[in-house]
Amino acid sequence: MALDQSFVGRSYPPTDPYEVGREKIREFAEAVRDTNPVYVDPEAAKTLGHPDVIAPPTFVFAITFKAAGQVIEDPQLGLDYSRVVHGDQKFVYKRPVRAGDRLTVTSTIEAIKSLAGNDILDIRGEVHDEAGEHVVTAYTKLVSRAAEGA
């Protein structure tokens, strides 16, 4: 069943604030094996003009994908998540994510396409800090594979 095209442009409420902690940044940097000192050493980050440690570029995926859950779980959209694969991801930064940030995400459905029986869903996640400053935009592409025999 094709996804409802009328959902294109629909935005969902902002998430509750997510507080970015130094330890979470360190754990993430270790997990992705990125040894850049600006992710773990406040003095190294300050040397480069940051007020505290910064997060690796893909760190924000954890909060933007969780926010996209509002879209994924919307029963009116009709997405069968058991058939979904992650198709693509892109981030456009205004500034790095920093320890101490309290970030919210607003998800919007950018596009819905059908291709060879697959539904392709593009979600934009706008990330803002608690002062309302735009930090980063995440673009997530999900592919809902066609049912066998469809």
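Student: What share of the contacts in the protein with a separation of 6 or more is accounted for by residues 24 or more positions apart?

Tutor: This is a predicted model, with residues numbered from 1 along each chain as its sequence is written. Local features need pLDDT of at least 70, side-chain atom pairs count only at pLDDT 80 or more, totals for chains, interfaces and linings use all residues, and side-chain values use heavy atoms, with hydrogens and water left out. Taking a contact as heavy atoms within 4.5 Å, the share that comes from residues 24 or more positions apart, among contacts with a separation of 6 or more, is 69%.

Student: In what order do the elements of the protein run from the N terminus on?

Tutor: Helices (H or I, at least four residues) and strands (E, at least two) are DSSP runs numbered from the N terminus, and the protein has three helices and five strands. Read from the N terminus on, the elements run β-α-α-α-β-β-β-β.

Student: Which strands are the edge strands of the open sheet?

Tutor: Two strands count as paired if DSSP finds at least two bridges between them. On that basis five strands form an open sheet with antiparallel pairing, in the order β1-β3-β4-β5-β2. The strands that pair on one side only, and so form the edges by this pairing rule, are β1 (18–19) and β2 (84–93).

Student: Over how many bridges do β3 and β4 pair?

Tutor: Strand β3 spans residues 102–115, and within its pairing with β4, Val-105 stands opposite Val-127, while Leu-115 has Asn-118 as its bridge partner. The hairpin of these two strands has two residues between them, and there Ala-116 takes a positive phi near 55°. On its other pairing, with β1, β3 has two bridges, also antiparallel, whereas the number for β3 with β4 is eleven.

Student: What angle does the direction of α3 make with that of β3?

Tutor: Axes here are lines fitted to C-alpha atoms, for helices over the stretch in contact, and angles between N-to-C directions run from 0 to 180 degrees. Helix α3 packs on the sheet and touches β1, β2, β3, β4 and β5. The angle between its direction and that of β3 is about 55°.

Student: Is Tyr-12 buried or exposed?

Tutor: Tyr-12 is found in the segment before β1, and its contacts beyond four places in sequence include Val-71, Ser-107 and Ile-109. It lies 8.9 Å from Ala-68, C-alpha to C-alpha, although the two are 56 residues apart in sequence. Since buried means under 20% relative accessible area, exposed over 50% and partly exposed in between (1.4 Å probe, protein chains only), Tyr-12, at 10% relative accessibility, counts as buried.

Student: Which element gives the largest share of the lining of the largest cavity?

Tutor: On a 1 Å grid over the protein atoms alone, a cavity is a set of points where a 1.4 Å probe fits but cannot get out, with lining residues having an atom within 4 Å of a point; points are joined across faces, edges and corners, and the volume is the space filled by probe spheres set on them. One cavity of 30 Å³ or more is counted, and the largest holds about 40 Å³ of space. Its lining is made of Thr-64, Ala-68, Ser-107, Ile-123, Arg-124, Gly-125, Ala-138 and Thr-140, and the elements that give two or more residues to it are α3 (61–72), β4 (118–128) and β5 (134–144). The largest share, three residues, comes from β4.

Definitions and conventions:
On a 1 Å grid over the protein atoms alone, a cavity is a set of points where a 1.4 Å probe fits but cannot get out, and a pocket is an open set with protein on both sides within 12 Å along at least five of seven lines; lining residues have an atom within 4 Å of a point.
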